[in-house]
Amino acid sequence: MNEIAVTSNQVDKPRSFDVEKVRADFPALHQEVNGHPLVYLDNAATTQKPNAVIDALVDYYRGYNSNVHRGAHYLSDKATAAFEEARRTVSAFIHSLAAEQIIWTRGTTEAINLIAATWGRQNIQAGDVILVSTLEHHSDIVPWQMLALEKQAKVVPLPLTTSGEIDLNAFTDLLDSRVKLISLNHVSNALGTVNPVKEICALAKQYDITVVVDGAQAVAHFPVDVQDLGCDFYAFSGHKLYGPTGIGVLWGRRELLDAMPPYHFGGEMIERVSFSGTTFNQLPYKFEAGTPDIAGAIGLAAAIVYLTSLDRKAIVQHEHELLAYAIEKAKNIDGLVRVGTAEHAAGIFSFVVDGTHPADIGMLLDQQGVAVRTGHHCAQPLMESLGLPGTVRASFSMYNTKADVDSFFNALQKVLQLLR
Ligand code: PMP
């Protein structure tokens, strides 16, 4: 296969951010739910999609649906070109050195499973330690537990401070030559904590420890530069980044990806197959057995082009203001306790209210058109460590407004009157 050069198709022109204009680009936001205008605050579960993404999917299926890399015809060439351009778009988006380091997966979950099943099986041995933060989503715990069981290694949780941040002193104390891997999220989906990934990578390097970063909750909120972070692997999902479901990304350092065995076997990932033996393709195809999610990759690239056409600094500021506004408003609600008070937090307001159950709050908010998530947020070990069955989570995105926050708290006041 030819080298894939990295180019950025993100046009260098002045960018701006106008929340009302952005909202107009997201058709699903403009509807009534249970007789009320929708207030969508479940963005950490999945974001809504802009017209640019919906159109890219429709254009592909209407106009040039075809399989990639193997057709000797016009439509296949067109689909292949768009599919590989999408890889270059992702590569530039996270500042990868080369597009070959971008592996398409179904999402963050599959990306982490891929690392565990390939790099993990090759490198983790009996007695080794895998550190994961207590903040992790199940998808960044269970694959390591399974690997540890297989290899007789050990998964050790990184403790948190009372504000829901990784306790860096405890972390430093845990570092020794037995630790082979650290896996942690860039932003916690349950509390919104932004983890000091760069600092953790620098410490890990002193002990030659490999670092996996789960960026599922980060990439939509602020620019990510994998080289600057100094991590070894970075994973994220398209659907939390205004893109389609079913597509995600694994980025890895080239020397690690080159040395790893394939994950799945079949078409596309081979160089030559014969009954006397099979050789494997180069990066990135070595990890992409079978027909990929072509439309998903093209849709994800459309989402990235859309997002990067906006002023991202202004988006960070806007989301920060929404969170600060929610924190202020919450002070007027008796018995509300915010869960996770990290100094650096992105887009998530998690809370409990004395004498009520999160599931009841969520259900009654929905009756007023407010969509939030309740429960353990696929972070049961975190909830256990907090001594909570779960929380109510309102998660903000760039298209939310202070009016959304107002509607949410007005609805919450009504819900609490009913429940108390
Ligand atoms: N990690 C984090 C921090 C998440 O928030 C999620 C999704 N909630 C995942 C991993 C899993 O992502 P996916 O389901 O898209 O694979």
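1. Buried area is the accessible area, taken with a 1.4 Å probe, that two parts lose on being put together, summed over both. Keep that in mind for this predicted model, in which domain 1 and domain 2 bury about 2,700 Å² between them. Of that area, 59% is on carbon and sulfur atoms.

2. Here is how the chain is divided. The domain assignment gives domain 1 as residues 8-30 plus 311-419, and domain 2 as residues 54-307. Between the C-alpha centres of domain 1 and domain 2 there are 27 Å. Domain 1 brings 37 residues to the contact, and domain 2 brings 32 residues.

3. What kind of polar pairing crosses the interface of domain 1 and domain 2? The rule finds 14 residue pairs in polar contact there, with both residues at pLDDT 80 or more. Salt bridges between domain 1 and domain 2, on the other hand, number zero.

4. Now for the side of domain 1 that touches domain 2. The elements giving two or more residues to that side are helix 11 (312-330), strand 14 (348-353) and helix 13 (380-386). Helix 13 supplies the largest share, six residues. Sorted by class, this side of domain 1 has 19 nonpolar residues, 13 polar ones and five charged ones.

5. You may want to look at the ligand next. Which residues surround the ligand? They are Gly-107, Thr-108, Thr-109, His-137, Ser-139, Asn-189, Asp-214, Ala-216, Gln-217, Ser-237, His-239 and Lys-240.

6. Three side chains around the ligand deserve a look at the atom level. In Thr-109, a side-chain N or O atom is 2.6 Å from an oxygen atom of the ligand. For Asp-214, the partner is a nitrogen atom of the ligand, 2.5 Å from an N or O atom of the side chain. Lys-240 likewise has a side-chain N or O atom 2.7 Å from a nitrogen atom of the ligand.

7. Back to charged pairs: a search of the whole structure finds 16 salt bridges. One of them joins the side chains of Glu-84 and Arg-87, at 2.7 Å from N to O. Both Glu-84 and Arg-87 belong to helix 3 (residues 74-93), where they sit three residues apart, about one turn of the helix.

8. Two backbone details are worth checking on your screen. Where in the chain is Pro-284 placed? Pro-284 is in the loop between strand 12 (277-280) and helix 10 (294-308), and the peptide bond leading to Pro-284 from Leu-283 is cis, with omega near -5°.

9. The other backbone detail is at His-95, which has a positive phi of about 60° although it is not a glycine. His-95 lies in the loop between helix 3 and strand 4 (102-105). Helix 3 is also the helix that holds the Glu-84 and Arg-87 pair.

Note on methods:
Residues numbered from 1 in each chain as written. Predicted model: local features only at pLDDT ≥ 70, side-chain atom pairs only at ≥ 80, totals over all residues. Heavy atoms only, no water. Domains from an automatic or database assignment. Contact = heavy atoms within 4.5 Å. Salt bridge = Lys/Arg side-chain N within 4 Å of Asp/Glu carboxyl O. Polar contact = N/O pair within 3.5 Å; in protein donor to acceptor, adjacent residues only side chain to side chain. Helix = DSSP H or I, 4+ residues; strand = E, 2+ residues; numbered from the N terminus. Nonpolar A, V, L, I, M, F, W, Y, C, P; charged D, E, K, R; others polar. Near = heavy atom within 4 Å.
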